[in-house]
Amino acid sequence: MITATSRYATATEVEFTRPDGRMVRHIVPPILPHPEDHTVARQHRITDSDRADIIAAQTYGQATAWWMIANANSAAHPDQLTEVPGTPLAIPMPDARGGRTT
């Protein structure tokens, strides 16, 4: 189940019928938005102990909101955000579909 705050909340769902007659549904992965389309709230410098879910939880109040940070940094996977200690990470304003607004 895809929640309203998921990275895939607005993704297209498609169905097709397999040769054996079974119906299969899947999500068409969204195209990542351009980083310049985000309003950056602050920068965070990555340390060797950082994790995307913890940064998201501290920033937005939801560990599952890591994808908002990933989108603002052109990352498809959360591990890409914290691979290189010392790298600046753009922390965007919360997306309308999730995250804390206060």
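**Entry 1: Ile69 and the core**

I started at Ile69 and found that, once its neighbours within four places in sequence are set aside, Ile69 is in contact with Ile55, Ala56, Tyr60, Leu81, Leu89, Ala90, Ile91 and Pro92. I note at the outset that this is a predicted model, and I read what follows with that in mind.

I then looked up the largest nonpolar core, which has 14 residues, and saw that Ile55, Tyr60, Ile69, Leu81, Leu89 and Ile91 are the ones that touch the most other members. The elements giving two or more residues to this core are H1, helix H2 (66–72) and strand S4 (88–92). I set beside this the general tendency of nonpolar side chains in soluble globular proteins to be buried together.

**Entry 2: the whole protein**

Next I stepped back to the overall layout, in which I counted two helices and four strands, and I wrote down the pattern read along the sequence as β-β-β-α-α-β. The C-alpha trace spans about 50 × 30 × 25 Å along its principal axes. I also looked up burial and found that 26% of the 102 residues of the protein count as buried.

For the accessible surface of the protein I noted about 6,800 Å², with 54% of that area belonging to carbon and sulfur atoms. Among the contacts with a separation of 6 or more, I found that 58% are accounted for by residues 24 or more positions apart. As for charge, the protein has 9 positive and 11 negative charges, and I noted that their mean positions are 4 Å apart.

**Entry 3: Leu89**

I went back to one of the core residues, Leu89, whose place is in strand S4. Is Leu89 buried or exposed? Leu89 has a relative accessible area of 4%, and because the cut-off for buried is under 20%, I entered Leu89 as buried.

Leaving aside neighbours within four places in sequence, I listed the contacts of Leu89 as Arg42, Gln43, His44, Ile46, Ile55, Ile69, Asn73 and Leu81. I followed up Ile46 from that list, and found that Leu89 and Ile46 are 43 residues apart in sequence, while their C-alpha atoms are 6.8 Å apart in space.

**Entry 4: Thr59**

I turned to helix H1, which covers residues 52–60 and holds Thr59. Thr59 has a relative accessibility of 17%, which is under 20%, so I recorded Thr59 as buried. What lies 2.8 Å from a polar atom of the side chain of Thr59? I found the backbone oxygen of Ile55 at that distance, and I had already met Ile55 among the core residues that touch the most other members.

**Entry 5: the loop between H2 and S4**

Two residues of this loop went into my notes, and I began with Ser74, which has its place between H2 and S4. Ser74 caught my attention with a positive phi of about 55°, although Ser74 is not a glycine. With 46% relative accessibility, Ser74 counts as partly exposed.

Gly86 is also found in the loop between H2 and S4, and at 33% relative accessibility Gly86 counts as partly exposed. Not counting residues up to four places away in sequence, I saw that Gly86 touches Arg45 and Ile46, and Ile46 was on my contact list for Leu89 as well. How far apart in space are Gly86 and Arg25, C-alpha to C-alpha? I noted 41 Å for this pair, whose positions in sequence are 61 residues apart.

Technical notes:
Residues are numbered from 1 along each chain as its sequence is written. This is a predicted model: local features need pLDDT of at least 70, side-chain atom pairs count only at pLDDT 80 or more; totals for chains, interfaces and linings use all residues. Side-chain values use heavy atoms; hydrogens and water are left out. Buried means under 20% relative accessible area, exposed over 50%, partly exposed in between (1.4 Å probe, protein chains only). A polar contact is a pair of N or O atoms within 3.5 Å; within protein, one must be able to donate a hydrogen and the other to accept it, and residues adjacent in sequence count only if both atoms are side-chain atoms. Contact means heavy atoms within 4.5 Å. Accessible areas come from the Shrake-Rupley method with a 1.4 Å probe; for residues, only the protein chains shown count as cover. Lys and Arg count as positive and Asp and Glu as negative; His and the chain ends are not counted. The place of a charge is taken as NZ of Lys, CZ of Arg, CG of Asp or CD of Glu. A nonpolar core is a set of buried Ala, Val, Leu, Ile, Met, Phe, Trp, Tyr and Cys residues joined through side-chain atoms within 4.5 Å.
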